[in-house]
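Work through the following exercises with the model at hand, and compare each step of your reasoning with the solution that follows it.

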Amino acid sequence: PPDDSQRLKWYGIFLRNPTPGFFMMRLRIPGGQTTTRQVRVIAELALRYGNGLLDVTTRQQIQLRQLRIEDIPAILEALDAVGLSSIQTGMDNVRNVMTCPVAGLAPKAPLDASALVRQLTATVLNTPAYSNLPRKINIVMTGCPDNCVHAETQDIALIPAQVGEMLGYNVLVGGKLGSGGYHLARPLDVFVRETEALEVCRAILTLYRDHGPRESRTQARLAFLIAEWGMSTFRNRIVHQVGHPLMTAGVDLRRPMESTHLGIFRQVQSGLNYAGLKIVVGRMSAKDLKALCDLADRYGTGDLRFTPAQALI
């Protein structure tokens, strides 16, 4: 029924008007970090149940297309068997949490936020209260100095920073691309150590859930709550929510130029390299993706990363 078709969006399953009767499924891949084992299953599902094509999104996810509703249970079962899910990749919740696609590989990155991304994802998906926000929330957590994840376009962004000898993250808030106009994320004037990052993100989500505007979907993003309260009040409410003082922002460790990590580069691991491969318009055939898995298994570790530039590491 139409109502259930709408509810399925919270589980990342979308009835598509251009293809009547067929659904699109968007898979959550935290930080874009995956393996050939997972990707082979995705490719097989596209061949067996879909149109044999896969789309890489600008949030480091994969989309399956032209699926029939009667096949969805078998698809979900196959995804679950390899640790994948489509949950909360659509509607008013926390979307796929992004990080630098070469986190832990790049030699000059001050921090690797991969563990934080996984922890925040688990927190969000295990907290039903975060599944019905006023509008979607886009989050980035990155230690990359090259700003490869476009932090200023995110509702919440943790970027590499330093206070004295201490490494951590500055917090930016209120960025967005649409929903009432383009808006750059601005500094919250907060520096968090790794151990504080999750509680600050939870505090922001809780304040937004409880006080964010819900009257109009085009005026409901986090930026509008910050505009209503002012950044100083918003910061003070976060401090009150976490229950202890927060350090002021440190030195931003990002370099002026951006990078998409495409090409062949030395890794921090001695003698090893990573290859960033462009996928034209982010779309690949399942057969080609399986062939790339063969290359990754033969010459690499079997680890794959999808990037915000709709590319593959």
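**Exercise 1.** Into how many nonpolar, polar and charged residues does the lining of the second largest pocket divide?

*Solution.* The model is a predicted one, in which local features need pLDDT of at least 70 and side-chain atom pairs count only at pLDDT 80 or more, while totals for chains, interfaces and linings use all residues. Residues are numbered from 1 along each chain as its sequence is written, and side-chain values use heavy atoms, with hydrogens and water left out.

Begin with the term itself: a pocket, on a 1 Å grid over the protein atoms alone, is an open set of points where a 1.4 Å probe fits, with protein on both sides within 12 Å along at least five of seven lines, and lining residues have an atom within 4 Å of a point. The second largest pocket has a volume of about 420 Å³, and 21 residues line it, with Thr-58, Arg-59, Lys-136, Asn-138 and Leu-177 nearest its centre. Sorting the lining gives four nonpolar, 12 polar and five charged residues, where Asp, Glu, Lys and Arg count as charged and Gly is among the polar ones.

**Exercise 2.** Determine which elements give two or more residues to the lining of the largest pocket.

*Solution.* The volume of the largest pocket is about 570 Å³. Its lining has 20 residues, of which Asn-273, Tyr-274, Ala-275, Gly-300 and Asp-303 are the closest to the centre. The elements sought are strand E12 (273-278), helix H8 (286-299) and strand E14 (303-305), helices being DSSP runs of at least four residues and strands of at least two. By residue class, this lining holds 13 nonpolar, five polar and two charged residues.

**Exercise 3.** Compare the settings of two non-glycine residues with positive phi, Asn-147 and Asp-189.

*Solution.* Asn-147 has a phi of about 50° and lies in the loop between strand E6 (139-141) and strand E7 (156-163). Because its relative accessibility is 10%, Asn-147 counts as buried, a class that means under 20%, with exposed over 50% and partly exposed in between (1.4 Å probe, protein chains only). Asp-189, whose phi is near 60°, lies in strand E9 and is partly exposed, since its relative accessible area is 36%.

**Exercise 4.** Which residues make the nonpolar surface patch of about 340 Å²?

*Solution.* Candidates need over 30% relative accessible area and no salt bridge, and nonpolar side chains are joined within 5 Å. Leu-177, Tyr-182 and Leu-184 make the patch. Leu-184 is placed in the loop between strand E8 (166-173) and strand E9 (186-192), and it counts as partly exposed because its relative accessibility is 44%.

Technical notes. Patches are made of residues with over 30% relative accessible area and no salt bridge: like charges are joined within 9 Å, nonpolar side chains (Val, Leu, Ile, Met, Phe, Trp, Tyr) within 5 Å. Accessible areas come from the Shrake-Rupley method with a 1.4 Å probe; for residues, only the protein chains shown count as cover. A salt bridge is a side-chain nitrogen of Lys or Arg within 4 Å of a carboxyl oxygen of Asp or Glu. Grid points are joined across faces, edges and corners, and a volume is the space filled by probe spheres set on the points.
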